[in-house]
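Grab a pencil and have a go at the exercises below before peeking at the solutions.

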Amino acid sequence: MTLQQPALAATAVAARPAIRRDRSRLLQEIGMLAPAVALLTIFLIVPFLLSFWTAMTNQPLVPRPTPVRFIGLTNFLRIFKDDLFWTSLWNVSRFTFWVLPVQCGLAFATALLLHQKLPFRNFFRGLFFLPAITSMVVVCVIWGTLFQYPTGPLNQVIGFLSGGRIQPIDWLGDPNWAMFSIVLLSAWQAYGFQMIVYLAGLQGIPDELYDAARIDGANAIQRFWHVTMPGLRPTHVFVLVITTIQAFKLYTQVAILTQGGPKSSTETVVHYMVRAGFEEQKLGYASAVSVILFLIVLVIALVQRQLLRRYDV
Amino acid sequence: MSDLAISTLRTEVKRERSAFGSLRMVQTACIFIIALVVVSPLFMLVIASLKDDRFQILADMGSFRAFWVSNPTLANFAEVGNLSGELAFGRYLLNSLFILATTVGAGLIVNSMAGFVLAWGSLRGRALILSLVIALYVIPQESIIMPLVIMVSRAGMTDTFAVQIVPWVASPLYIFLFHQFFAQLPKELFEAAEMDGASVFRIYRSIFLPLSLPALATVSILMGIETWNQYLWPILVTQTDYARPIAVAIATFFGQDSIFWDRAMAASVLMMIPILALYLAFQRWFVSSFVGSAVKG
């Protein structure tokens with residue numbers, strides 16, 4: 001009490017300069033926030049809102065003398081009537097179906113291994129992250145050679161392991177294999193991120209839980225199912241959702257290696273959008289595709305929110 | 001914990017250790033197999049870039065010669081490393097480096113300032129702005145790119161460096177990461193400095209920023225990877241050599257009838273060096289910090 005007395009008096013005396021300081025403080029805060037707010041508004045919010053408007057016009061890529069017309073939902077109706085759009089949606093779904101178990105499974109297994117007290121585990125952790133920092137373009141150069149038909153390294157290894165029983169596979173040229181090949185190189189490139197997320201999740205489970213389980217007589221497998229897995233629930237949700245969203249945005253590797261082929265077997269939603277916008281120059285139509293893409297991503301993100309809320313984190 | 005419990009725990013742990021001896025072997029073997037799968041393609045890339053004959057590269061691919069070069073040469077690098085002309089990968093590399101440095105540099109400043117004000121400022125509506133920023137995180141780059149192309153071409157920004165830098169400086173994810181990092185620092189830090197009469201900017205600049213090395217390193221790596229690997233945006237907004245980044249230039253190898261693998265490999269190695277350096281420089285602070293906050297968001 002006695003300590004607070006002089007402090008109070010000082011506040012009263014300093015009240016007027018404090019107001020002035022408050023105002024300059026407020027100005028400073030606005031100044032520090034302004035660059036981010038301005039940039040996000042111009043380059044994220046405005047184009048985002050514009051995409052809904054553009055999607056309902058016949059906006060071309062190159063300006064034409066005829067004015068841009070409002071055409072309502074025509075673009076969306078045309079998209080829904082286009083078989084190639086449904087093919088692209090089906091393809092990214094197939095891609096997601098394969099890439100989730102391959103990429104997340106590999107990431108989870110690697111994280112479990114590295115979470116043990118193995119020698120050089122920091123070294124290996126750094127090593128396993130290398131593909132994740134490698135540009136997708138470079139990954140395409142590497143895997144473009146690995147996939148060579150018929151005598152590329154991958155076919156040679158498979159031929160060797162199978163004693164020549166498995167015929168060489170035309171990885172990128174066979175419509176039945178092309179998307180799976182894209183899955184392989186994508187999982188190889190991106191699993192390092194998920195591995196790091198899983199490692200952080202594993203580190204977040206308190207040791208006391210494992211000790212308590214041991215005292216209760218739980219063996220390693222029981223501890224895995226009853227301590228590790230429940231502790232990782234939010235991590236699993238996060239990893240699965242992020243990977244699914246990334247899968248729906250599949251573009252670069254397809255654009256470089258297969259251009260959507262062979263026979264549209266690797267056509268994706270983003271590739272379809274870019275082609276509509278820049279080869280066919282129908283920007284309004286492409287914007288409508290981008291709105292659909294956003295809605296898909298939004299739904300996945302909302303599902304994540306619901307799941308995380310259910311697990312109470 | 002009772003003594004009995006502790007001793008049970010100890011014998012249990014001991015028993016497991018001996019049983020895990022063989023398991024440890026299996027685990028180590030698995031690690032090495034994964035390492036082989038992860039590293040051998042990268043190793044092959046580096047080896048192939050040191051071979052001069054592009055037909056030899058493909059012929060070697062099917063055998064263990066893919067992992068061995070008898071007379072290494074830097075001829076491929078000399079061939080593609082020009083600063084002008086047809087194979088001006090030296091120039092594209094410098095373009096990319098410039099874009100990387102300016103984007104990440106500006107991004108660190110802009111996003112950390114915003115994150116700081118949202119965490120410690122006295123502005124009314126901070127919470128609202130923060131939740132708006134988090135909501136914006138859902139919008140994928142791919143779904144704003146069409147209108148953005150119209151906007152930048154109307155503004156006459158096509159084929160410049162600015163068009164590859166300015167739109168991606170501010171980012172909801174990094175503002176959020178900085179916010180999470182600053183918010184968990186002790187309140188006393190801010191109050192003590194405020195008592196001494198330091199301004200908000202001063203507190204940010206002299207006290208909080210020097211303490212945020214893990215956040216700065218994490219954002220540098222994430223933003224660096226993202227910027228370095230941009231592909232879709234630059235193919236839409238660059239047409240000439242002037243501002244073309246190296247990723248776009250390497251992709252043009254694939255448009256040709258027969259790919260010059262020797263050149264493509266050398267250019268790829270060139271492209272890997274800077275981002276690898278960035279990663280090695282900052283990775284010490286990287287791993288632990290970023291993920292926790294991302295999962296909770």
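Here are some exercises, each with a worked solution.

This is a predicted model, in which local features need pLDDT of at least 70, side-chain atom pairs count only at pLDDT 80 or more, and totals for chains, interfaces and linings use all residues. Residues are numbered from 1 along each chain as its sequence is written, while chains are lettered from A and ligands numbered from 1 in the order in which they are written.

**Exercise 1. Take stock of the secondary structure and confidence.**

Start with the helices and strands, which are DSSP runs (H or I, at least four residues, for helices; E, at least two, for strands) numbered from the N terminus. Chain A has 15 helices and 0 strands. Chain B comes to 14 helices, again with 0 strands.

Next, look at pLDDT, the predictor's confidence in each residue, from 0 to 100. The average for chain A is 86, and 92% of its residues score at least 70. Watch residues 1–10 of chain A, though: their pLDDT is below 50, and beyond near neighbours in sequence the stretch has 0 contacts in the model. (A contact means two C-beta atoms, placed from the backbone, within 7 Å.)

**Exercise 2. Describe the overall dimensions of chain A.**

First, the radius of gyration, taken over C-alpha atoms, is 27 Å for chain A, whereas a compact globule of 313 residues would be near 20 Å. That globule rule is 2.2 Å times the number of residues to the power 0.38. Then the box: along the principal axes, the C-alpha atoms of chain A fill roughly 90 × 75 × 35 Å.

Finally, check the contacts with a separation of 6 or more: in chain A, 68% of them involve residues 24 or more positions apart.

**Exercise 3. Find a helix in chain A that is largely enclosed.**

Use the burial classes: buried means 20 or more other C-beta atoms within 10 Å of the residue's own, exposed means 12 or fewer, and partly exposed is in between, with C-beta atoms placed from the backbone. Now try α7 (residues 136–146) of chain A: 11 of its 11 residues are buried, so the rest of the structure largely encloses it. A:Trp143 and A:Gly144 are among them. For the wider picture, 39% of the 313 residues in chain A are buried.

**Exercise 4. Which residues touch the most other members of the largest nonpolar core?**

The core has 155 residues, and the answer is A:Ala36, A:Val137, A:Met273, A:Val289, B:Ala114, B:Phe116 and B:Ile250. Such a core is a set of buried Ala, Val, Leu, Ile, Met, Phe, Trp, Tyr and Cys residues joined through C-beta atoms within 7 Å. Helix α9 (residues 178–203) of chain A gives the most to this core, with 17 residues.

Now zoom in on A:Ala36: leaving out residues up to four places away in sequence, its partners are B:Val110, B:Asn111, B:Met113, B:Ala114, B:Ala170 and B:Ile175.

**Exercise 5. Work out the contact between the chains.**

Chain A puts in 71 residues and chain B 72. On the side of chain A that touches chain B, helix α2 (residues 15–54) gives the most, with 17 residues. That side of chain A divides into 46 nonpolar, 19 polar and 6 charged residues.

**Exercise 6. Where is A:Ser264, and what is unusual about its backbone?**

Place A:Ser264 in the loop between α13 (252–257) and α14 (269–279) of chain A. Its phi is positive, about 60°, although it is not a glycine. With 17 other C-beta atoms within 10 Å, A:Ser264 is partly exposed.

Conventions:
Nonpolar A, V, L, I, M, F, W, Y, C, P; charged D, E, K, R; others polar.
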